[in-house]
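Trainee: Could we go through this one together? I would like to practise tying each label to the value behind it.
Mentor: Happy to; ask away.

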Amino acid sequence: KQWYQRRVAITAGGNVHPAFHIGTLKSALTAAFNVPADLKRPLIVFLHSDKALTGHLFCSQVICSESMAGYIDQHFVMWAYDLTERRLQQQILTECQSIFGYSGRQQVEMYVPDKLPLMIVITKVQSAPQVFAVFQGDISPDLLMAQLIDAVENYNQTRSIEKAAELEQEQRSRLRELQEQEYLDSLQRDREKDEMKKKEKSTDCDSALIPLL
């Protein structure tokens, strides 16, 4: 939510922060992956709690630095969720299971709620989103940046394969459309020829019926 984005900025002590996706986790997945291959980006799920001891430091010194926020905005879609309330912890685990399967839920459950804040990098290989990496709040800024760069490079390789597959699919679709159009054009020419033959035959019949004087 927008209020959460503002609160993270306040927690960091400034106005620099990544641009969080506004909406549900499912809509964030759609924004990250249900787009043309050139526009696909990994998704970062940022789980935070007011009770987390390292929460303030992680916000102020890591994700809300200009370099980190700029890199995240350029290469990722980021979605944040506040897990301060216990009922929200169960909700996110249930949602993770519905999207990533039971193994995905287990990967998140081992950190919630005692090891927050948490950054979870989600990628999508073929049709299934999956947890690519998990970073805890005690990670150093330099190590986090290096890991995020690695995640982007890894996903770019996957995206290149998907892009080639999309291009091949588009070429096949265009070829089918061209073949279908050529077939329709051929049918139209045949109909026109038939109509022309019928007219010629009708003209011949009419001429044969004209009485000779």
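Trainee: Why is Cys 96 called buried?
Mentor: Keep in mind that this is a predicted model. The relative accessible area of Cys 96 is 4%, and buried means under 20%, so Cys 96 qualifies as buried.

Trainee: What makes Cys 64 buried or exposed?
Mentor: The reasoning is the same kind of check. Cys 64 has a relative accessible area of 7%; the cut-off for buried is under 20%, so Cys 64 counts as buried.

Trainee: And why is Cys 64 not bonded to Cys 59?
Mentor: Cys 59 holds the closest cysteine sulfur to that of Cys 64, at 5.4 Å. A disulfide needs the two sulfur atoms within 2.5 Å, so this pair is too far apart for a bond. For the protein chain, the count by this rule is 0 disulfides.

Trainee: Let's turn to the fold. Which elements does the protein chain have, and how do they run?
Mentor: There are 6 helices and 4 strands, in the order α-α-β-α-α-β-α-β-β-α from the N terminus. The 4 strands form an open sheet ordered β2-β1-β3-β4, with mixed pairing. At its edges are β2 (77–82) and β4 (128–136), each of which pairs on one side only. On average, neighbouring strands of the sheet are turned by 25° against each other, direction ignored.

Trainee: How do you know that β1 and β2 pair, and in which sense?
Mentor: They share 6 bridges, in the parallel sense. Pairing takes at least two bridges, so β1 and β2 meet the condition. Within β2, Asp 82 is the residue opposite His 48.

Trainee: β2 is an edge strand. What makes it largely enclosed, then?
Mentor: Burial is counted over its residues: 6 of the 6 in β2 are buried, so the strand is largely enclosed by the rest of the structure. Both faces are covered, with Val 77, Trp 79 and Tyr 81 buried on one side and Met 78, Ala 80 and Asp 82 buried on the other.

Trainee: Where is Ser 49 found, and which residues does it touch?
Mentor: Ser 49 is in the loop between β1 (43–48) and α3 (55–63). Leaving out residues up to four places away in sequence, Ser 49 touches Asp 82, Leu 83, Thr 84 and Leu 116.

Trainee: Why is this loop residue called buried?
Mentor: Its relative accessible area is 6%. Since buried means under 20%, Ser 49 is buried.

Trainee: Now the helices. Why is α2 described as oblique to α5?
Mentor: The axes of α2 and α5 (residues 86–109) cross at roughly 40° and come within 11 Å. Roughly parallel would require an angle under 35 degrees, and roughly perpendicular 65 to 115, so α2 is oblique to α5. The contact involves Leu 25, Lys 26 and Leu 29 of α2, and Ile 92, Glu 95, Ile 99 and Phe 100 of α5.

Trainee: What else does α2 lie across?
Mentor: Helix α2 (residues 25–33) lies across β1, β2, β3 (118–125) and β4, and runs at about 150° to β1.

Trainee: How much of the whole protein chain is buried?
Mentor: Buried residues make up 37% of its 213 residues. The chain exposes about 13200 Å², with carbon and sulfur atoms supplying 53% of that.

Note on methods. Residues numbered from 1 in each chain as written. Predicted model: local features only at pLDDT ≥ 70, side-chain atom pairs only at ≥ 80, totals over all residues. Heavy atoms only, no water. Helix = DSSP H or I, 4+ residues; strand = E, 2+ residues; numbered from the N terminus. Buried < 20%, exposed > 50% of the residue type's maximum accessible area, 1.4 Å probe, protein only. Areas by Shrake-Rupley, 256 points an atom, 1.4 Å probe, with all protein chains shown as cover. Contact = heavy atoms within 4.5 Å. Axes fitted to C-alpha atoms, helices over the stretch in contact; angles between N-to-C directions. Parallel < 35°, antiparallel > 145°, perpendicular 65-115°, else oblique.
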